[in-house]
Amino acid sequence: MAVTLDDKLVVAISSRALFDFEEENRLFDPDHPQSYMQLQLDRLDVPARPGVAFSLVKKLLAFNDPAQQRVEVVVLSRNDPVSGMRVFRSAKAHGLASVQRGVFTQGAAPFRYLRPLGAHLFLSANAADVNEALAMGFPAAQVATQSAQASAAHPHEVRIAFDGDAVLFSDEAERVFQSSGLDAFQAHEVEKALLPLPPGPFKPFLSALHRLQQSGAPSMRIRTALVTARGAPAHERAIQTLMSWQIAVDEAMFLGGMPKGEFLREFEPDFFFDDQTGHVTSAARHVPAGHVRSGIANQGTPPAP
C-alpha cells in the first residue's frame, strides 16, 4: 500500500526557516552557485544552528509516538541536493531524526510541491514562494530570519499566536478600515457583529491544530492566542466567528492598535503570524514571527528580500 500523509498535520518548511543558514545565504549567487554548494559540502558534518521555526517544528513533532504518527515535516527547499544532505544531518544532530522527507530544487520554485504534499502550513524565507503558496490557497508565511528564538519555558506545549484580519479571518473588515478609517470600521463591525467573517488564509491551519489537539497525544498540548489590533466593540465579531467555526482559542488580546511585541513576549509563542510588517517587526524583537503576505495591506507591496 502506498504511503499517504492524509491523516497527518503536514508542515512544509524551507531549510532557512528550519535552520540558520544566513551566513551561507549571504554568499549565494544564483548565477554562480558553486561557492555556496562547496561551503555547504565543507560544513557537511557541522550541524547548522536552529532557525526561526525550529522550536515550532520540534514541538509539533513531539506529538508523534510509536503508536501514532500525527505530524509530518517535509523540507521544501530551493537548496541543491548536496546542501540537502547537510539539512538532514543537521536535523538528526538536533534530535529531529523523524524529518525524513525533502524536496530540493536547486533554485527552482518549490511551492508547486505543496499540492501533492497536502500541506497545512508552508514556512519559507523566500517572499515569492510564500506569495505563490498563498495564491494557491495554502497557509504560508515568510519567516522573519532576524527573529528572537522561542522561549524554552514550555517544553510540553506548542504555543502559536495569530493575528485576526487577513490571517485567521478574511480582509473584509480591513478593507473598510483602509478605505474609510477607524470609525467606519467600528460601525461596520458593530452592524455585522453576529455575521461570521469569511475564513482567512490560516483558518485551515487553525482547524488542523484543533484536530491535532483532539487526537489525544499524552504528553503535548497546543495553546493558541488571537492577538489583534481590534478593540471593543469590534472584538465581538471576531469571537462570534471563532464560535461559528466551533474552535476556541486559549487567549485573546484585543489591543486597539497597541504594539504587539511586548504582549507576545509575555505569551511566549513558538511562532506568531501577522499580515502587517510593522507588527511582525515588533514581534520579532521578542519571539519567532512570520509575515503572512495576504490581504489589502500587502497589495502592491514589493516582496522583502
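**Exercise 1. Place serine 15 and list its side-chain partners.**

Step 1. Serine 15 lies in helix α1, residues 15-18. Helices here are DSSP runs of H or I with at least four residues, strands are runs of E with at least two, and both are numbered from the N terminus. The model is predicted: local features need pLDDT of at least 70, side-chain atom pairs count only at pLDDT 80 or more, and totals for chains, interfaces and linings use all residues. Residues are numbered from 1 along each chain as its sequence is written, and side-chain values use heavy atoms, with hydrogens and water left out.

Step 2. Check exposure. Serine 15 is buried, at 4% relative accessibility. Buried means under 20% relative accessible area, exposed over 50%, partly exposed in between (1.4 Å probe, protein chains only).

Step 3. Find the polar contacts. The side chain of serine 15 pairs with that of serine 77 at 3.2 Å, and with that of asparagine 79 at 2.7 Å. A polar contact is a pair of N or O atoms within 3.5 Å; within protein, one must be able to donate a hydrogen and the other to accept it, and residues adjacent in sequence count only if both atoms are side-chain atoms.

Step 4. Add the remaining neighbours. Leaving out residues up to four places away in sequence, serine 15 touches Phe21, Val75, Ser77, Asn79 and Val87. Contact means heavy atoms within 4.5 Å.

**Exercise 2. Describe how α8 and α9 pack.**

Step 1. Take the geometry. The axes of α8 (residues 172-180) and α9 (residues 182-191) come within 7 Å and cross at roughly 150°. Axes are lines fitted to C-alpha atoms, for helices over the stretch in contact, and angles run from 0 to 180 degrees between N-to-C directions.

Step 2. Classify. α8 and α9 are therefore roughly antiparallel. Angles under 35 degrees count as roughly parallel, over 145 as roughly antiparallel, 65 to 115 as roughly perpendicular and the rest as oblique.

Step 3. List the contact. From α8 come Glu172, Ala173, Val176, Phe177 and Ser180; from α9 come Leu182, Ala184, Phe185, His188 and Glu189.

**Exercise 3. Find the unusual backbone geometry at proline 233 and glutamine 106.**

Step 1. The alanine 232 to proline 233 peptide bond is cis, with omega near 5°. Proline 233 sits in the loop between β7 (221-228) and α11 (235-245).

Step 2. Glutamine 106 is not a glycine, yet has a positive phi of about 50°. Its loop joins β3 (101-104) and α6 (114-117). Glutamine 106 is partly exposed, at 48% relative accessibility.
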